[in-house]
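Ready to get to know a new protein chain by working through it bit by bit? Have a look at the sequence and the model, then try each exercise before you read its solution.

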Amino acid sequence: MAEREELTWELFGSAGRELAQQVADSGYEPDVILSIARGGLFVAGALGYALDVKNLHVMNVEFYTGVGERLELPVMLPPVPNAVDLTGAKVLIADDVADTGATLKLVRDFCADHVADVRCAVVYEKPWSEVKCEYVWRRTDRWINFAWSKQPPVIRREGQVLDA
Ligand code: 5GP
């Protein structure tokens with residue numbers, strides 16, 4: 001068996017549609033899709049079109065610094081979405097993968113106090129994830145190469161300040 005799971009752009013096309021179909025079949029009609037940047041942006045875009053949801057928000061969370069290398073805890077980076085925008089809403093959190101699940105837990109807990117309902121949709125979920133997502137395209141215990149992050153950046157930028 002291959003050491004890594006490969007999500008090509010072509011496969012991602014099917015994954016997005018199939019994940020959206022799961023959401024639609026469950027009867028959940030989100031008012032807001034909350035994407036976790038950066039990997040979740042692609043997933044949120046695909047779900048937004050397929051589910052006809054135009055209201056997309058972004059949360060920046062930093063956790064992994066390399067293959068299997070991560071910070072002690074995921075950290076929310078500014079700008080943090082205005083809680084008022086989420087109040088009373090049915091929210092669908094979109095991300096590429098629930099690995100430890102710590103990132104999704106942080107975002108779900110952030111939402112929980114304000115929203116009417118919150119559910120998670122991911123392309124992949126690993127068996128040890130502390131968050132069990134309502135919508136999962138595939139399950140794997142391997143490291144995943146995503147189409148958007150497999151190649152190195154064309155330019156390296158150090159010391160970025162996100163809210164500058
Ligand atoms: P978690 O908080 O669930 O451990 O992971 C959150 C983030 O770490 C994911 O959204 C993703 O950006 C990154 N990550 C975790 N596992 C993998 C993986 O197998 N492959 C890649 N490329 N990124 C991963």
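Below are five exercises, each with a worked solution.

A quick word before you start: this is a predicted model, in which local features need pLDDT of at least 70 and side-chain atom pairs count only at pLDDT 80 or more, while totals for chains, interfaces and linings use all residues. Residues are numbered from 1 along each chain as its sequence is written, and side-chain values use heavy atoms, with hydrogens and water left out.

**Exercise 1. Find helix 1 and work out which of its residues are buried and which are exposed.**

Step 1: get the helix in view. Helices here are DSSP runs of H or I with at least four residues, strands are runs of E with at least two, and both are numbered from the N terminus. Helix 1 covers residues 9-26, which makes 18 residues. From first C-alpha to last, helix 1 reaches 26 Å, close to the 26 Å expected at 1.5 Å a residue. (That expected span is 1.5 Å times one less than the number of residues.)

Step 2: sort the residues. Buried means under 20% relative accessible area, exposed means over 50%, and partly exposed is in between, using a 1.4 Å probe and protein chains only. Phe-12, Ala-15, Gly-16, Leu-19, Ala-20 and Val-23 are the buried ones in helix 1.

Step 3: look at how they are arranged. These buried residues span an arc of only 125 degrees around the axis, so they sit on the same side of helix 1. (The arc is taken from the directions from the helix axis to the C-beta atoms.) It helps to know that an α-helix has 3.6 residues a turn, so residues three or four places apart point the same way. On the other side of helix 1, you'll find Glu-10, Arg-17 and Asp-25 exposed.

Step 4: ask what does the covering. Among the elements over the buried residues of helix 1 are strand 1 (4-7), helix 2 (39-50) and strand 5 (90-98). Strand 6 (117-125) and strand 7 (135-139) also help to cover them.

Step 5: step off the end. Gly-27 follows helix 1, and its phi is positive, near 85 degrees.

**Exercise 2. Do the same for helix 2: which residues are buried, and what arc do they fall within?**

Step 1: check the length. Helix 2 has 12 residues and reaches 18 Å from its first C-alpha to its last, close to the expected 16 Å.

Step 2: pick out the buried residues. They are Gly-39, Gly-40, Val-43, Ala-44, Leu-47 and Gly-48. Looking down the axis of helix 2, they fall within an arc of 145 degrees, so they line one face of the helix.

Step 3: turn to Phe-42, also in helix 2. Phe-42 has 32% relative accessibility, so it counts as partly exposed.

Step 4: see what comes next. Just after helix 2, Asp-52 has a positive phi of about 60 degrees.

**Exercise 3. Locate Ser-35 and list what it touches.**

Step 1: Ser-35 is in strand 2 (residues 32-37). At 2% relative accessibility, Ser-35 is buried.

Step 2: look for contacts, meaning heavy atoms within 4.5 Å. Leaving out residues up to four places away in sequence, Ser-35 touches Gly-40, Leu-41, Ala-44, His-57, Val-58, Met-59 and Ala-94.

**Exercise 4. Where is Val-107, and how far is it from Ser-35?**

Step 1: Val-107 belongs to helix 4 (residues 102-112). Its relative accessible area is 0%, so Val-107 is buried.

Step 2: Val-107 and Ser-35 are 72 residues apart in sequence, and their C-alpha atoms are 9.6 Å apart in space.

Step 3: not counting residues up to four places away in sequence, Val-107 touches Leu-34, Ile-36, Met-59, Val-61 and Ile-93.

**Exercise 5. How many salt bridges are there, and which parts does the one between Glu-6 and Lys-150 tie together?**

Step 1: apply the rule. A salt bridge is a side-chain nitrogen of Lys or Arg within 4 Å of a carboxyl oxygen of Asp or Glu. That gives six salt bridges.

Step 2: zoom in on Glu-6 and Lys-150, whose closest N and O atoms are 3.4 Å apart. Glu-6 lies in strand 1 and Lys-150 in the segment after strand 8, so the pair ties together parts that are 144 residues apart in sequence.

Step 3: check the accessibility. Glu-6 is partly exposed at 35%, and Lys-150 is exposed at 52%.
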